[in-house]
Amino acid sequence: MSTDVVAPPDKRPIGRGTVVLLGFAVVGALVAVSLGFYGKTHTPTGRPLALIVGFTNLTPMKAWLATAAVVLAVFQVVSAMWMYGRLPVKRKAPAVLSQLHRWSGAVAFVATLPVAYHCLWSLGFSTFDTRTALHSLFGCAFYGAFTTKMLALRANKMPSWALPISGGLLFALLIGAWASAALWYFTQSGVPLR
């Protein structure tokens, strides 16, 4: 029998890792607010800076890059669940999966950069209707959540729930930004797909 006295959940002191995580969350919030502030105060150009070869218009390029990021993010969620034994799969995750997980995350993030850059530079932080206001909020919050997660990823003594919660939030924000722009775009009739 253990002689350790465990305080009730509401009386436990906040651990050092939780305090550090809160600091990371503040940094992430500052990133999100800074992006929103820039997008709101910057005069939108209304034109693309550059197009990726194969695209003739800014909007389809952004929609396809965002969709690629979402596909990779789905792989991120599934691979993380498999590595942490949260999938109903008896087979242990292969060792190479952790490298694929890291690289897919890096590629997904890089795919979002031209999208975000063109959103902020060409269009700004838009609030003229509910869809664009939500898209602007989701987009800025995504980069804030990404900052928080990347800081927490390599920090010592993070709470065990920190990465799953920050990863889930990051995924949800990406889906929100994608659904309020790329998915909306793809569901319009007569839109060019490249």
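When I say that two residues touch, I mean that they have heavy atoms within 4.5 Å of each other. Hi everyone, with that in hand, let's start with one cysteine. Leaving out residues up to four places away in sequence, C140 touches A32, L35, G36 and F125. Please keep in mind that we are looking at a predicted model.

Where does this cysteine sit? C140 belongs to helix α4. Is C140 buried or exposed? Its relative accessibility is 8%, and buried means under 20%, so C140 counts as buried. One of its partners, G36, lies 104 residues away along the chain, yet the C-alpha atoms of C140 and G36 are separated by 6.0 Å.

Now let's step back to the whole chain. The secondary structure comes to five helices and zero strands, so from the N terminus on you read α-α-α-α-α. Along the principal axes, the C-alpha atoms fill a box of roughly 70 × 40 × 25 Å. Of the 194 residues, 35% count as buried. And if you take contacts between residues at least 6 apart in sequence, 75% of them join residues at least 24 apart.

On to how the helices pack. Two packed helices are described by the angle between their axes and the distance between the axes. I'll go through three pairs that way.

The opening pair is α2 and α3. Their axes come within 8 Å and cross at roughly 150 degrees, and α2 and α3 are therefore roughly antiparallel to each other. The crossing of α2 past α3 is left-handed. The residues in this contact divide into 19 nonpolar, nine polar and two charged.

Next, α2 with α5. Here the axes come within 9 Å and cross at roughly 145 degrees, and α2 again passes its partner, α5, in a left-handed crossing. On the α2 side the contact includes W64, A69, V70 and V77, and on the α5 side it includes F171, L174, W178 and F186. By class, this contact of α2 with α5 has 16 nonpolar, two polar and no charged residues.

The last pair is α3, residues 96–123, with α4, residues 130–153. Their axes come within 12 Å and cross at roughly 135 degrees, so α3 and α4 are oblique to each other. This crossing is left-handed too. Who meets whom? F109, T112, L113, A116 and C119 in α3 meet H135, F142, Y143 and F146 in α4. That makes seven nonpolar, two polar and no charged residues in the contact of α3 with α4.

Let me finish in the core. Which of the 18 residues in the largest nonpolar core touch the most other members? They are A69, F142, L170, L174, W178 and A182. The elements giving two or more residues to this core are α2, α3, α4 and α5. Of these, α5 gives the most, with six residues.

Some of those names should sound familiar. F142 was in the contact of α3 with α4, while A69, L174, W178 and A182 were in the contact of α2 with α5. A69 is a nice one to click on: leaving aside neighbours within four places in sequence, A69 is in contact with A108, A111, T112 and L174. Two of these partners have come up already, with T112 on the α3 side of its contact with α4 and L174 on the α5 side of its contact with α2.

That's my tour, thanks for listening!

Note on methods
Residues numbered from 1 in each chain as written. Predicted model: local features only at pLDDT ≥ 70, side-chain atom pairs only at ≥ 80, totals over all residues. Heavy atoms only, no water. Axes fitted to C-alpha atoms, helices over the stretch in contact; angles between N-to-C directions. Helix = DSSP H or I, 4+ residues; strand = E, 2+ residues; numbered from the N terminus. Parallel < 35°, antiparallel > 145°, perpendicular 65-115°, else oblique. Left-handed = near helix turned anticlockwise from the far one by under 90°. Nonpolar A, V, L, I, M, F, W, Y, C, P; charged D, E, K, R; others polar. Core = buried A, V, L, I, M, F, W, Y, C linked by side-chain atoms within 4.5 Å. Buried < 20%, exposed > 50% of the residue type's maximum accessible area, 1.4 Å probe, protein only.
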